[in-house]
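The following exercises concern strand pairing and nonpolar cores. Each task is followed by a solution in steps.

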Amino acid sequence: MSTAPSISLLGTTALLFEAPGAMNLPSQQRIWALAHEAERWPEVREAVPGMNNLMLTFTRAPRHLDALRERLCEAWDAATAMRREGRIVELPVVYGGEGGPHMADVMAHTGLGIDAIVELHSAPLYPVYALGSHPGYCYLGGMDPRIATPRRKVPVLSIPGGAVSIGGAQTGVSASAGPSGWNTIGSTSMVFFDPAKDPPATLQPGDMIRFRVEGIVR
């Protein structure tokens, strides 16, 4: 596995910095620190943390790309884990049934029963790594690898807001209705995005989510 970051252009006024190594909380905390540093650079318009990566957008196309890449790599080498004291938010979840139409697929892949899947899924305290995909959506870390399930070969055209799903080694909660290639195993009634609020997103990187079992529909 490469130990050097990957830096690629996104059009003419943005680039993507991808951290080397495995995706884990200490690496993500360094991404937060790098974003904090880079957003202060005068040429940077916005620094947007992703999952083990950072997107930078610029007010105009960068003129000295080699120097910028070197500066980013130096900043990454100097970055230390930024710990954020976020909130712990409990999400009531009903697992299975109409709100969890792919629970059977997760059971078939993992060889586990519904009770074991619910127990493993609801046990961790999940850190919010980043926001993305759609407004208010949280990328979470810390899911038990025993319930990891590949994304669906044919995406679902629409899942509702509040859908709790598993995609590969990750889990997440849909903030609004839309297409998805993840396996939906339950649902929650919590609202994750309200444009009338400030900030509009309910959760922020550094917050922690705990899934509370409200019910299991077999």
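**Exercise 1: From one bridge to a sheet**

In strand E2, Leu15 is the bridge partner of Leu9. The model is predicted. Starting from this pair, determine how the strands are arranged and which helix packs on the sheet.

*Solution.*

1. Strand E2 covers residues 14-18, and its pairing with E1 is antiparallel, with four bridges.
2. The open sheet consists of four strands, ordered E1-E2-E4-E3, with antiparallel pairing.
3. Strand E1 (6-9) and strand E3 (44-49) are the edge strands, each of which pairs on one side only.
4. On average, neighbouring strands of this sheet are turned by 20° against each other, direction ignored.
5. The helix that packs on the sheet is H2 (residues 65-78), which touches E1, E2 and strand E4 (53-58). The direction of H2 makes about 145° with that of E1.

**Exercise 2: Nonpolar cores**

Identify the residues with the most contacts inside the largest nonpolar core, and the elements that give two or more residues to this core.

*Solution.*

1. The largest nonpolar core has 25 residues. Those with the most contacts inside it are Leu91, Tyr95, Met103, Leu140, Ile185, Ile209 and Phe211.
2. Two or more residues come from each of strands E5 (88-96), E6 (126-131), E7 (138-140), E9 (163-167) and E13 (208-217), and from each of helices H3 (103-110) and H4 (114-122).
3. Leaving aside residues up to four places away in sequence, Ile185 touches, among others, Val94, Tyr95, Met103, Val106, Val164 and Ile166.
4. A second, separate core has 18 residues, including Leu15, Leu34, Ala35 and Leu54. Leu15 is also the bridge partner of Leu9.

Notes. Residues numbered from 1 in each chain as written. Predicted model: local features only at pLDDT ≥ 70, side-chain atom pairs only at ≥ 80, totals over all residues. Heavy atoms only, no water. Pairing = 2+ DSSP bridges. Axes fitted to C-alpha atoms, helices over the stretch in contact; angles between N-to-C directions. Contact = heavy atoms within 4.5 Å. Core = buried A, V, L, I, M, F, W, Y, C linked by side-chain atoms within 4.5 Å. Buried < 20%, exposed > 50% of the residue type's maximum accessible area, 1.4 Å probe, protein only.
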